[in-house]
Amino acid sequence: MQRGNGLQDKRVVVLGGSSGIGLAVAEQAASQGASVIIASSSAERVQKAVESIGGEAQGQAVDVSDERAVATFFSKLGTFDHLVFTAGDNLHLHDLAATDLQQARRAFELRYWAALASVKYGSSHIRKEGSIVLTTGFLHRLRASGAYCELLAASWRVNGSN
Ligand SMILES: NC(=O)c1ccc[n+]([C@@H]2O[C@H](COP(=O)([O-])OP(=O)(O)OC[C@H]3O[C@@H](n4cnc5c(N)ncnc54)[C@H](OP(=O)(O)O)[C@@H]3O)[C@@H](O)[C@H]2O)c1
């Protein structure tokens, strides 16, 4: 890929960057000149991904479902430009009538609360003109007897904007 200058000298943080979408984002950002920092819960997978990204990529093991770990991670990181959240786990959906609500609650740990914690602790370190990208998934609607229930609905206010 040709090296552009849109991300030259930018610091890009990818939470969930050790595989899948996050790793692809980290690789693309690095190829465009960004300094990439990835994090995921497994130190081994982080190390492997950092090696595959190459260049100046750095990584750290952080369990983003642990609020204190997220706070510590960002407090030591310093300022950066772009935050990308792709951390995720498998979502096992059943018919609503057969849904185990304890399991359904756990589905929000990464998809909602970890993303919220990441924005809460990360946003104050983002430079002007920076960005935050959050991923959830296309299964944001749960079919129930012909009707659709919104599974995830959130409106977060960051840095004074709606
Ligand atoms: N792939 C698709 O086609 C697709 C489509 C729609 C939506 N999505 C959604 O997009 C997100 C990413 O998908 P993906 O395919 O890239 O998944 P993936 O390859 O499984 O990547 C998930 C990443 O999240 C990390 N992670 C998991 N638990 C974590 C934790 N507690 N703390 C920190 N990092 C954690 C994983 O690393 P560790 O295991 O090392 O923690 C991994 O780096 C998911 O929410 C998925 O549901 C994916």
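This passage describes the fold, the ligand surroundings and one helix residue of a predicted protein model. Because the model is predicted, local features are reported only at pLDDT of at least 70 and side-chain atom pairs only at pLDDT 80 or more, whereas totals for chains, interfaces and linings use all residues. Residues are numbered from 1 along each chain as its sequence is written.

The protein contains four helices and seven strands, where helices (H or I, at least four residues) and strands (E, at least two) are DSSP runs numbered from the N terminus. From the N terminus on, these elements follow the order β-α-β-α-β-α-β-α-β-β-β. Of the 162 residues, 30% count as buried, a term that requires 20 or more other C-beta atoms within 10 Å of a residue's own, with C-beta atoms placed from the backbone. Contacts are pairs of residues whose C-beta atoms, placed from the backbone, lie within 7 Å. Among contacts with a separation of 6 or more, 62% join residues 24 or more positions apart.

The ligand is surrounded by 23 residues, of which G16, G20, S40, S41 and G88 come nearest; a residue is near if its C-beta atom, placed from the backbone, lies within 6 Å. Helix α1 (residues 20–31) supplies the largest share of this shell, three residues. By type, the shell comprises seven nonpolar, 13 polar and three charged residues. Here Ala, Val, Leu, Ile, Met, Phe, Trp, Tyr, Cys and Pro count as nonpolar, Asp, Glu, Lys and Arg as charged, and the others, Gly among them, as polar.

S75 lies in helix α3 (residues 67–77). S75 counts as exposed because it has 11 C-beta neighbours inside 10 Å, the limit for exposed residues being 12 or fewer. The C-alpha atoms of S75 and H125 are separated by 8.4 Å, although the two residues are 50 residues apart along the chain.

Conventions
Two residues are in contact if their C-beta atoms, placed from the backbone, lie within 7 Å.
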